[in-house]
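Student: Could you take me through one part of this structure in close detail? I would like to follow a single element and its partners, and then see how that fits with the rest of the chain.

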Amino acid sequence: MSGTSTRTSTGTIPRFLAESEEHTALRAAVAALGRRHGRGYDRETLWREAGALGYLGVNLPEEYGGGGGGIAELSLVLEELGAAGCPLLLMIVSPAICGTVIARFGTEAQKRQWLPGLADGSRTMAFGITEPDAGSNSHRITTTARRDDQGDGWILNGRKVFVSGVDIADATLVVGRTEGRTGNGATGSLKPCLFIVPRDADGFARTPIDMELQAVEKQFELVLDDVRLPADALVGDEDAGLRQLFAGLNPERVMTAAYALGMARYALDRAVEYAKTRQVWAAPIGAHQAIAHPLAQSHIEIELAELMLRKAAHLYDAGDSAEGGAGGGAGEGTGAGEAANMAKYAAGEACVRAVDRAVHTLGGNGLTREYGLASLVTAARVARIAPVSREMILNYVSHQSLGLPKSY
């Protein structure tokens, strides 16, 4: 599925199956950008250029500087950059999660403050949800937000881990829990809420996590120690609960699938090129079924995962954003939530297998820096683990799709 795809739309095939001319053109343009930068890309340079060309904000509203498209378009951008060997990981976070949440639930002032910068890449935002003791259980989040007794602001306390790009982001969209309220006052229940925390806020500390993963964007542990925020730091309604949270998490799953598919395509392309030209005896090694069949399997798996990715993006953009996510609970549904989880699962599995088969195809060369595959062995695992593990996705499908009972 290269950037020069010849797919065309027809009146008899659903939109997510038949790629439109606009999407095909977008793929080709982004693929050309990716080829100019390639595996040795400079992240800041590519980020600026992609922003200037309108690719980073293609999903955001036009009135705030975006392209007026959706997650379908944004996922195409990330996939094609990944297929060229230069994925921009923060696309999953800044425009997809944070941009989507602010565009849907933010105040007019928040939209004008953040969306134009998120769209052109001049501003970025990280996303903090995972905690050391909560893992995939969003109900165990312990970062709390309470009203500031000295004013109408908020005070946040808690910890977050595995937060990408905090050092280069202008702010972090932090998931905290506030005490639920009714017209008669506090209910005593804690509900997840989203707060914009500036990078330089007092009491907001970050520590790099030493990762084996070779990625441009670093991972951090965050500590929030009496971080005081103004009232307008809250995004959306403090009583909205999981609805607002999963408005960002479903796009996160779709974008992670795109990230995985781009990586899988990059690995498969390297392996196919090598198998066509590497000759040991009388014919290229790709002529042997022991080499050809695993690569053919990966091609099939990538194509199948791509279809589920397109379905998930189509459902989300069409408004079927039923708040569903592995590890969630009340308020979950099917629709885009189910498809997003399935797409992330399928793409993650396809990615891990494609990278493994590509390395094996190249043999010893697959472990050299020259061919650029060895570093993907670790990176491919990310697609299985983050933002939610494949086991939690299987839990979601077994419970929500199949109606099987829970063991937890």
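Tutor: Happily; here is a walk that starts at one helix and works outward. Please keep in mind that this is a predicted model.

Let's begin with helix H3, which covers residues 71-83. At 1.5 Å a residue, its 13 residues should span 18 Å, and the C-alpha atoms at its ends are indeed 18 Å apart, so expectation and model agree. The helix is mostly covered, with 13 of its 13 residues buried. After H3 comes Gly 85, which has a positive phi, near 90 degrees.

Now look at Glu 79, which sits in this helix. Its relative accessibility is 0%, so Glu 79 counts as buried, the cut-off being under 20%. What does Glu 79 pair with? One partner is Arg 27, with the closest N and O atoms of this salt bridge 3.5 Å apart. Arg 27 lies in helix H1 and Glu 79 in helix H3, so the pair ties together parts that are 52 residues apart in sequence. Arg 27 is buried as well, because its relative accessible area is 1%. Another partner of Glu 79 is Arg 310, and here the salt bridge has an N to O distance of 3.1 Å. That second pair links distant parts of the chain, since Arg 310 belongs to helix H7 (residues 289-317) and lies 231 residues from Glu 79. With a relative accessibility of 9%, Arg 310 also counts as buried.

As a general point, side chains of opposite charge can pair when their charged atoms come close.

Helix H7 has a further link to follow. Glu 301 in H7 meets Arg 353 of helix H8 (residues 336-362), 52 residues away, in a salt bridge of 3.1 Å, N to O. How do these two residues compare in exposure, buried or partly exposed? Arg 353 counts as partly exposed at 32% relative accessibility, whereas Glu 301 counts as buried at 19%. Stepping back to the shared partners, salt bridges join Glu 19, Arg 27, Glu 79, Glu 80, Arg 265, Glu 306 and Arg 310 into one network. Over the whole structure, a search finds 21 salt bridges.

On the surface, Leu 17, Ile 300, Leu 304 and Leu 307 make a nonpolar patch of about 360 Å². Leu 17 comes from the segment before helix H1 (21-37), and its relative accessible area of 39% makes it partly exposed.

For a view away from the helices, try Ser 164 in strand S3 (residues 154-164). Ser 164 is buried, with a relative accessible area of 14%. Its side chain makes a polar contact of 2.7 Å with that of Gln 219. Leaving aside residues up to four places away in sequence, Ser 164 touches Leu 89, Leu 90, Ala 126, Lys 218 and Gln 219.

Finally, the chain as a whole. It has ten helices and eight strands, and buried residues make up 54% of its 408 residues. Among contacts with a separation of 6 or more, 70% come from residues 24 or more positions apart. The chain exposes about 17,700 Å², with carbon and sulfur atoms supplying 51% of that area.

Definitions and conventions
Residues numbered from 1 in each chain as written. Predicted model: local features only at pLDDT ≥ 70, side-chain atom pairs only at ≥ 80, totals over all residues. Heavy atoms only, no water. Helix = DSSP H or I, 4+ residues; strand = E, 2+ residues; numbered from the N terminus. Buried < 20%, exposed > 50% of the residue type's maximum accessible area, 1.4 Å probe, protein only. Polar contact = N/O pair within 3.5 Å; in protein donor to acceptor, adjacent residues only side chain to side chain. Contact = heavy atoms within 4.5 Å. Areas by Shrake-Rupley, 256 points an atom, 1.4 Å probe, with all protein chains shown as cover. Expected span 1.5 Å × (residues − 1). Patch = residues over 30% accessible without salt bridge, like charges linked within 9 Å, V, L, I, M, F, W, Y side chains within 5 Å. Salt bridge = Lys/Arg side-chain N within 4 Å of Asp/Glu carboxyl O.
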